[in-house]
Amino acid sequence: MAKVVQGIRFEPEEIEMINEYAKFTGKSFSAVVRESTLEAIEDKIDVEILREAIRNDSGTYLTLDEVIEEVL
């Protein structure tokens, strides 16, 4: 898939921090921003999935042995 250019504004100190991290990791500025943004979004989605699972929790729990017994 072709990448699209999108503008984003940073404070000078933020750019410096991102550039230093990019240099440390051997990645480009764009790669650091892209990866960090996507990871943050994925983390928030995971939290929402967990919250939904907790809301729908039936209260039934199995031990590891019980799970293995069910699977086998």
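In this predicted model, E48 pairs up with R51 in a salt bridge, and their closest N and O atoms sit 2.9 Å apart. The two residues are 3 positions apart in helix 2, which spans residues 29-55, so about one helical turn separates them. Neither partner is hidden away: E48 comes out as partly exposed at 41% relative accessibility, and R51 is partly exposed too, at 45%.

A little further along, E52 forms a salt bridge with R55, with 2.6 Å between the closest N and O atoms. Here again the residues lie 3 apart in helix 2, so the spacing is about one helical turn. E52 is partly exposed, its relative accessible area being 38%, while R55 reaches 55% and therefore counts as exposed, the cut-off being over 50%.

The structure holds 3 salt bridges, and another of them links E35 to K27, where the closest N and O atoms are 2.6 Å apart. E35 has a relative accessible area of 33%, so it is classed as partly exposed. K27 gets the partly exposed label as well, at 37%. As a general point, side chains of opposite charge can pair when their charged atoms come close.

Away from the charged pairs, there is also a nonpolar patch on the surface. L62, L64, V67, I68, V71 and L72 make up this patch, which covers about 640 Å². One of its members, V71, belongs to helix 3, the stretch from residue 64 to 71. With a relative accessible area of 66%, V71 is exposed, and it can join such a patch because patch residues need over 30%.

Methods:
Residues are numbered from 1 along each chain as its sequence is written. This is a predicted model: local features need pLDDT of at least 70, side-chain atom pairs count only at pLDDT 80 or more; totals for chains, interfaces and linings use all residues. Side-chain values use heavy atoms; hydrogens and water are left out. Patches are made of residues with over 30% relative accessible area and no salt bridge: like charges are joined within 9 Å, nonpolar side chains (Val, Leu, Ile, Met, Phe, Trp, Tyr) within 5 Å. Accessible areas come from the Shrake-Rupley method with a 1.4 Å probe; for residues, only the protein chains shown count as cover. A salt bridge is a side-chain nitrogen of Lys or Arg within 4 Å of a carboxyl oxygen of Asp or Glu. Helices (H or I, at least four residues) and strands (E, at least two) are DSSP runs, numbered from the N terminus. Buried means under 20% relative accessible area, exposed over 50%, partly exposed in between (1.4 Å probe, protein chains only).
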